[in-house]
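Subject: The structure you asked about

Hi,

Here is the structure I promised to pass on. Have a look at it first, and then read on for what turned up when I went through it.

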Amino acid sequence: MGKDIEVGAEHGGGKDYQDPPPAPLIDVEELGKWSFYRAIIAEFVATLLFLYVTVLTVIGYKSQSAADQCGGVGILGIAWAFGGMIFVLVYCTAGISGGHINPAVTFGLLLARKVSLVRAVLYMVAQCLGAVCGCGLVKAFQKAYYVRYGGGANELSDGYSTGTGVAAEIIGTFVLVYTVFAATDPKRNARDSHVPVLAPLPIGFAVFMVHLATIPITGTGINPARSFGAAVIYGKDKAWDDQWIFWVGPFVGAAIAAIYHQFVLRAGSSKSFGSFKSSY
């Protein structure tokens with residue numbers, strides 16, 4: 001319980017951790033740094049690998065279960081593929097790009113002023129391009145299965161209303177982005193030295209749990225790049241019919257998570273939603 005008390009608070013409000021300064025809206029200096037472009041490349045490659053492994057898992061499951069209803073990895077295995085890959089890729093790229101691998105995560109961090117607008121936009125572009133390339137690899141290697149079993153594209157399942165699909169994406173993305181904020185909170189990192197090392201684990205588990213809950217409803221988007229890449233490569237109208245759900249839902253969920261964390265949980269210690277005008 002002692003960790004709930006900020007060290008030094010009795011001496012004028014001092015604290016034992018330091019919040020990073022809010023990121024500027026436009027950071028011209030980062031455009032001249034190799035680390036900036038290295039981070040964009042890392043997001044592209046990570047999202048490519050993420051889509052390659054996960055979509056291949058989905059298609060493999062559908063092809064195996066078509067011949068044997070008890071065959072394949074099942075929904076549990078698909079959820080593990082998505083959650084496990086996020087755990088691995090966040091661990092690998094966190095020190096380079098922050099390990100976003102998801103436009104919704106990037107959007108939430110932009111609202112919390114953890115990244116600049118320029119970085120956020122280029123991250124999202126890299127993530128979407130990486131997703132397209134990852135799905136393209138799957139189609140190149142297994143074209144017949146890819147086309148036959150839907151290309152891993154997200155769509156609203158029969159029996160569910162559009163409102164239910166949007167709500168599932170909002171809540172699922174809220175769980176993910178809220179976990180990202182909690183796992184990377186500088187206050188927690190300062191007081192528990194093991195937290196930065198373990199941060200990818202709860203993020204991966206959040207993805208795993210959300211997939212278990214929402215695969216039957218929407219196939220689980222919670223990542224606009226994942227839905228976009230699969231729809232582009234699959235290329236059929238059915239993949240685009242509900243595409244807006246997989247952008248609106250995740251972005252709304254990410255915004256709610258950012259507001260909840262910054263205004264409610266970190267109120268008084270964070271000025272992340274202050275005016276951008278003071279930053280450039």
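By class, 12 nonpolar, six polar and five charged residues make up the lining of the second largest pocket. This is a predicted model, so please read everything below with that in mind. The volume of the second largest pocket comes to about 490 Å³. Of its 23 lining residues, Lys62, Ala153, Glu155, Ile215 and Gly219 are the closest to the centre. Several helices contribute to that lining: α1 (34-67), α2 (74-93), α9 (200-218), α10 and α11 (237-241) each supply at least two residues.

Ala153 deserves a second look while you are there. Ala153 sits in the loop between α5 (143-148) and α6. With a relative accessibility of 17%, Ala153 falls under the 20% cut-off and so counts as buried. Leaving aside neighbours within four places in sequence, Ala153 is in contact with Ala230, Tyr234 and Ala239. Another residue to compare it with in the viewer is Gln243, which is 90 residues away along the chain, with 9.5 Å between the two C-alpha atoms.

Next, α10, one of the helices that supply residues to the pocket lining. Nine of the 11 residues of α10 are buried, so this helix is largely enclosed by the rest of the structure. The buried ones are Pro224, Ala225, Arg226, Ser227, Gly229, Ala230, Ala231, Ile233 and Tyr234. Both ends are worth zooming in on. At the start of α10, Asn223 places a side-chain oxygen within 3.1 Å of the backbone nitrogen of Ala225. Just after α10 comes Gly235, with a positive phi of about 75 degrees.

The loop between α9 and α10 holds Thr220. Its phi is also positive, near 65 degrees, in a residue other than glycine. Most residues other than glycine have a negative phi, so I would check this spot by eye. Is Thr220 buried or exposed? Thr220 is buried, because its relative accessible area is 0%, under the 20% cut-off.

From Thr220 you can go across to Ala168: the two are 52 residues apart in sequence, and their C-alpha atoms are 8.3 Å apart in space. Ala168 belongs to helix α6, and at 10% relative accessibility Ala168 counts as buried. Beyond neighbours within four places in sequence, Ala168 is in contact with Thr214 and Ile217.

Now for α3, which runs over residues 103-111 and is mostly covered, with seven of its nine residues buried. Those seven are Pro103, Ala104, Val105, Thr106, Gly108, Leu109 and Leu110. What covers them? The elements over the buried residues of α3 include α4 (117-141), α6 (162-183), α10 (224-234) and α12 (245-265). At the N-terminal end of α3, Asn102 acts as a cap, with a side-chain oxygen 2.8 Å from the backbone nitrogen of Ala104. After α3 comes Arg113, which has a positive phi near 60 degrees.

Ile101 lies in the loop between α2 and α3. Here too phi is positive in a residue other than glycine, with a value near 60 degrees. Ile101 is buried, since its relative accessible area is 0%.

In the loop between α3 and α4 you will find Ser116. At 3% relative accessibility, Ser116 counts as buried. The side chain of Ser116 makes a polar contact of 2.5 Å with the side chain of Glu30. Setting aside neighbours within four places in sequence, the contacts of Ser116 are Ala23, Pro24, Leu25, Asp27, Glu30 and Leu110. Leu110 is also one of the buried residues of α3.

Last, the cysteines. How many disulfides does a search of the whole structure find? The search finds zero. As for surroundings, Cys92 is partly exposed, with a relative accessible area of 48%, whereas Cys128 is buried at 12%.

Do write back once you have had a look, and enjoy exploring.

Best wishes

Technical notes. Residues are numbered from 1 along each chain as its sequence is written. This is a predicted model: local features need pLDDT of at least 70, side-chain atom pairs count only at pLDDT 80 or more; totals for chains, interfaces and linings use all residues. Side-chain values use heavy atoms; hydrogens and water are left out. A disulfide is a pair of cysteine sulfur atoms within 2.5 Å. Buried means under 20% relative accessible area, exposed over 50%, partly exposed in between (1.4 Å probe, protein chains only). Helices (H or I, at least four residues) and strands (E, at least two) are DSSP runs, numbered from the N terminus. Contact means heavy atoms within 4.5 Å. A polar contact is a pair of N or O atoms within 3.5 Å; within protein, one must be able to donate a hydrogen and the other to accept it, and residues adjacent in sequence count only if both atoms are side-chain atoms. On a 1 Å grid over the protein atoms alone, a cavity is a set of points where a 1.4 Å probe fits but cannot get out, and a pocket is an open set with protein on both sides within 12 Å along at least five of seven lines; lining residues have an atom within 4 Å of a point. Grid points are joined across faces, edges and corners, and a volume is the space filled by probe spheres set on the points. Ala, Val, Leu, Ile, Met, Phe, Trp, Tyr, Cys and Pro count as nonpolar, Asp, Glu, Lys and Arg as charged, and the others, Gly among them, as polar.
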